[in-house]
Amino acid sequence: LDEQAPDDDLSKRASMLLRDGELDDASALLDQLLQRDETRVDRAALHHFERGMAYILQWRLLDALPHFQKAYQYRPDDASFGYSYGLYLLQAGRTNEAISVLTDAVSRARARLDPQHPDDLFKTLSALGLAAKNEQFFEEAEKLAERAAEGDPYYLMLVANALGNEATELKSAGRQEQARATYLKELEVARRISSGNPRYYDYVLSALNGLINLCFETKNYREAEAWAHQSLDLSRQLVTDEHLPTLFMTWRQLANAYEYEGKISSAESAELESNRILRVLAARKPATWRDAFASSLDHLGALRFRMGRFSEAEKAYVEALAICRTAAREKPDRYQLSLASELEHVGDFFRDLKQFDRAELLYEEMVVRTREGLGRVSQPPAMHDVLAYRILSLADVRIRRDSSQVGTCALIGEA
């Protein structure tokens, strides 16, 4: 009992840190708790699950999987553990294992099914549908929720989720027309759920997001623009901080639609709105939003270059590069190659402006950073082709700068 109270406090603190996005601190506390937990199965399962989620939020899927496996092993009857383990196995490409885990989770959920509250069976069926690429599981999940919704409108939300999952699976299978019809059905249900109540607008926004992404995939950019405007009108009514990411993404989608349609000025204006939101988010949580902010600045630079607004383009590129340098300095293993990519983009900008000396300096650093990045972590063979291309880019800019071509032959041979 003397140990129990401090552990409870640590557990609550770890959960709060995880929710707040303080992943390093949460991970350290959870590791401390796990060392004490192995004889206390319920607590061990929960802490392994939370440790896995901390890795997921750090984009470290392979490190997360052993913890999800432990949680599932300790408490196979807990639907959340089986569902999460199966779903992340699927994301890791271990499809057969995912199907096995989720099939077991579905069987356990069926045995405990309360028709009025089918949440566990619903979500495991939906995940199994994704893993097995079988629409029947989605349809069963949808029917479960529809029946439950007769007694509790809450389950309309699950109907919308099932339709969204089914539409996504249809899209990935190349059945775009059926996917579109299913997304539209999801949108209809989502509008019934929200019915003018902003608390439930997220369901409408999710359906609209599915339609927008489908339009991009099918190159129907005018329709993507129309759906994005609907999403934007709705998002603007949600002024809470938690909806800022949704608003940023909607502006980004609209910018992309405009760009594909050749409306570069409109694309720049939309991307600027997206960038303003990201600046706020990145200031609050740099670890979460810094990459997206740098990417937005890079996109602004490219759009402004196309508009002939070169000084404004340079300003955006330079700020993006500064952010990437900071990230690479703090976490070189993770961000060295990202910095090399941004150096390439900024170098291309100066090369196209025929400022070859400035481009050369950036390309030289680009090659060094690429080599360092490739040496730090294992990379696919294609990344070595990228290194060769970047060496050739450096040689090319030197040729442009100096027509005598002195000193370039060795570089070309190295590539």
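Which residue forms a salt bridge with Arg398, and how far apart are the closest N and O atoms? Hold on to that one for a second, everybody, and welcome. The answer is Glu364, and the closest N and O atoms are 2.6 Å apart. Before we go on, please keep in mind that what you see above is a predicted model.

Let me stay with that pair. Arg398 sits in helix H19 and Glu364 in helix H18, so the salt bridge links distant parts of the chain, 34 residues apart. How covered are the two partners? Arg398 has a relative accessible area of 18%, and because buried means under 20%, it counts as buried. Glu364 is partly exposed, at 28%.

Now let's step back and look at the whole chain. There are 20 helices and 0 strands. The chain has 415 residues, and 47% of them count as buried. The accessible surface comes to about 20900 Å², and carbon and sulfur atoms make up 51% of that. Here is a number I like for thinking about folding back: take the contacts with a separation of 6 or more, and 54% of them are between residues 24 or more positions apart.

Back to the charges. Side chains of opposite charge can pair when their charged atoms come close. How many salt bridges does the structure hold? The count is 28. One of them is between Asp241 and Arg284, with 3.3 Å between the closest N and O atoms. Asp241 is in the loop between helix H12 (221–235) and helix H13 (244–260), while Arg284 belongs to helix H14 (residues 264–284), so this pair also links distant parts of the chain, 43 residues apart. Asp241 is partly exposed, with a relative accessible area of 48%, and Arg284 is partly exposed at 48% as well.

Next, find Glu360 and Arg401. Their closest N and O atoms are 2.3 Å apart, and they form a salt bridge. Glu360 is in helix H18 (residues 356–376) and Arg401 is in helix H19 (residues 381–401), with their positions 41 residues apart in the chain. You have met those two helices already: Arg398 and Glu364 link helix H19 and helix H18 too. Is Glu360 buried or exposed? It counts as buried, at 10% relative accessibility, whereas Arg401 is partly exposed at 36%.

Some salt bridges share partners. That is how Glu268, Arg304, Arg309 and Glu312 are joined into one network.

Let's move on to the nonpolar side of things. The largest nonpolar core has 71 residues. Which of them touch the most other members? They are Leu187, Trp227, Trp251, Leu254, Ile277, Leu278 and Trp289. Helix H11 (residues 201–217) gives this core its largest share, 10 residues. If you want one residue to click on, try Trp227. Leaving out residues up to four places away in sequence, Trp227 touches Leu184, Leu187, Leu208, Leu211, Ile212 and Cys215. There is also a second, separate core of 51 residues, and Tyr72, Leu87, Leu121 and Ala160 are among its members.

Last topic: aromatic rings. Searching the whole structure turns up 12 aromatic pairs. One is Phe49 with Phe68, an edge-to-face pair with 5.7 Å from centre to centre and 65 degrees between the planes. Phe49 is in helix H3 (residues 41–57) and Phe68 is in helix H4 (residues 61–74), 19 residues apart. Both of these Phe residues are buried.

Compare that with Phe216 and Tyr260. Why is this pair called tilted? The ring centres are 5.8 Å apart and the planes are at 55 degrees, so the pair is tilted. Phe216 lies in helix H11 and Tyr260 in helix H13, so the pair ties together parts that are 44 residues apart in sequence. Phe216 counts as buried, at 18%, but Tyr260 counts as exposed, at 53%.

Rings can gather in groups as well: Phe305, Phe310, Tyr317, Phe349 and Phe350 form one aromatic cluster. And finally, two arginines with a ring beneath them. Arg51 lies over the face of Tyr55, 3.9 Å from the ring centre, and Arg290 lies over the face of Tyr335, at 5.7 Å from the ring centre.

That's my tour. Thanks for listening!

Note on methods. Residues numbered from 1 in each chain as written. Predicted model: local features only at pLDDT ≥ 70, side-chain atom pairs only at ≥ 80, totals over all residues. Heavy atoms only, no water. Helix = DSSP H or I, 4+ residues; strand = E, 2+ residues; numbered from the N terminus. Buried < 20%, exposed > 50% of the residue type's maximum accessible area, 1.4 Å probe, protein only. Contact = heavy atoms within 4.5 Å. Areas by Shrake-Rupley, 256 points an atom, 1.4 Å probe, with all protein chains shown as cover. Salt bridge = Lys/Arg side-chain N within 4 Å of Asp/Glu carboxyl O. Core = buried A, V, L, I, M, F, W, Y, C linked by side-chain atoms within 4.5 Å. Phe/Tyr/Trp six-rings, centres within 6.5 Å; stacked < 30°, edge-to-face > 60°. Lys NZ or Arg CZ within 6 Å of the ring centre and 35° of its normal.
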